[in-house]
Amino acid sequence: MDASSPDEQLDQLCAQVAVGRQASRKLSAWGAGFELKESEFRLLWLLRGRIAPLDQSQLAELLATSPAQVSALVERLRSRGFLFGEAP
C-alpha cells in the first residue's frame, strides 16, 4: 500500500505526465525527419525486428489507440513503403 499523501501522489502523477509530454515531443521530432507522425513512428518502433507478431488489439493497447486507428496507421505506412507484406 502506498504510504504517501494524496498531494504527494498527485505531484508524482503530474511529474510523470510532464515527462511523457517531453518524450512525445522528442518522438515527434525524430519522426519528422522521415515525415512520420508520432503515432506512425511509435508503430514502426514496436514492430522493429519482431519475430512473434502482435495482433491489432495488442498494438492498439501498446499505442493507446483503437484497433481501427492501428489499421489506418498500417495502411498509411504500407502505402508509403514503410511496411511490406500483406494483411493476414
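This report walks through the helices, loops, salt bridges and surface of the predicted model shown above.

## Helices α1 and α2

Let's start with helix α1, which covers residues 6–32, and helix α2, which covers residues 38–47. Their axes come within 8 Å and cross at roughly 85 degrees. That angle makes α1 roughly perpendicular to α2, because crossings of 65 to 115 degrees are counted that way. On the α1 side, the contact is made by Ser-24, Leu-27, Ser-28, Trp-30 and Gly-31. On the α2 side, Glu-38, Phe-41 and Arg-42 take part.

If you would like a feel for distances along α1, try Gln-22, which lies in this helix. The C-alpha atom of Gln-22 is separated by 17 Å from that of Asp-11, and the two residues are 11 apart along the chain. Gln-22 is partly exposed, with a relative accessible area of 43%.

## Helices α3 and α4

A second crossing involves helix α3 (residues 56–63) and helix α4 (residues 67–79). Here the axes come within 8 Å and cross at roughly 95 degrees, so α3 and α4 are roughly perpendicular to each other.

Which residues make this contact? From α3 come Gln-56, Ser-57, Leu-59, Ala-60 and Leu-63. From α4 come Pro-67, Ala-68, Val-70, Ser-71 and Leu-73.

## Two loop residues with positive phi

Two loop residues are worth a look if you are inspecting the backbone. Glu-35 lies in the loop between α1 and α2. Its phi is near 55 degrees, a positive value in a residue other than glycine. Glu-35 is also exposed, with a relative accessible area of 65%.

Ala-64 sits in the loop between α3 and α4. Although Ala-64 is not a glycine, it has a positive phi of about 55 degrees. Is Ala-64 buried or exposed? At 71% relative accessibility, Ala-64 counts as exposed, because the cut-off for that label is over 50%.

## Salt bridges within a helix

How many salt bridges does a search of the whole structure find? The search finds 4. As background, side chains of opposite charge can pair when their charged atoms come close.

One of these salt bridges joins the side chains of Arg-42 and Glu-38, at 3.9 Å from N to O. Arg-42 and Glu-38 are 4 residues apart in helix α2, so about one helical turn separates them. Both residues also belong to the contact between α1 and α2. Arg-42 is partly exposed at 25% relative accessible area, and Glu-38 counts as partly exposed at 22%.

Helix α4 has a salt bridge of its own, between the side chains of Glu-75 and Arg-78, at 2.6 Å from N to O. Because Glu-75 and Arg-78 are 3 residues apart in α4, they too are separated by about one helical turn. Glu-75 counts as partly exposed at 41% relative accessibility, and Arg-78 counts as partly exposed at 23%.

## A link between α2 and α4

The side chains of Glu-40 and Arg-76 meet in a salt bridge of 2.5 Å, N to O. This pair links distant parts of the chain, with Glu-40 in helix α2 and Arg-76 in helix α4, 36 residues apart. Glu-40 and Arg-76 are also linked with Arg-80 in a network of salt bridges.

How covered are the two partners? Glu-40 has a relative accessible area of 1%, so it is buried, the cut-off being under 20%. Arg-76 is partly exposed, with a relative accessible area of 28%.

## A nonpolar patch on the surface

To finish, come back to the surface. Leu-10, Leu-13 and Val-17 make a nonpolar surface patch of about 250 Å². Of this trio, Leu-10 has its place in helix α1. Leu-10 is partly exposed, with a relative accessible area of 48%. That value fits with Leu-10 being part of the patch, because patch residues need over 30% relative accessible area.

Conventions
Residues are numbered from 1 along each chain as its sequence is written. This is a predicted model: local features need pLDDT of at least 70, side-chain atom pairs count only at pLDDT 80 or more; totals for chains, interfaces and linings use all residues. Side-chain values use heavy atoms; hydrogens and water are left out. Patches are made of residues with over 30% relative accessible area and no salt bridge: like charges are joined within 9 Å, nonpolar side chains (Val, Leu, Ile, Met, Phe, Trp, Tyr) within 5 Å. Accessible areas come from the Shrake-Rupley method with a 1.4 Å probe; for residues, only the protein chains shown count as cover. Buried means under 20% relative accessible area, exposed over 50%, partly exposed in between (1.4 Å probe, protein chains only). Axes are lines fitted to C-alpha atoms, for helices over the stretch in contact, and angles run from 0 to 180 degrees between N-to-C directions. Angles under 35 degrees count as roughly parallel, over 145 as roughly antiparallel, 65 to 115 as roughly perpendicular and the rest as oblique. Contact means heavy atoms within 4.5 Å.
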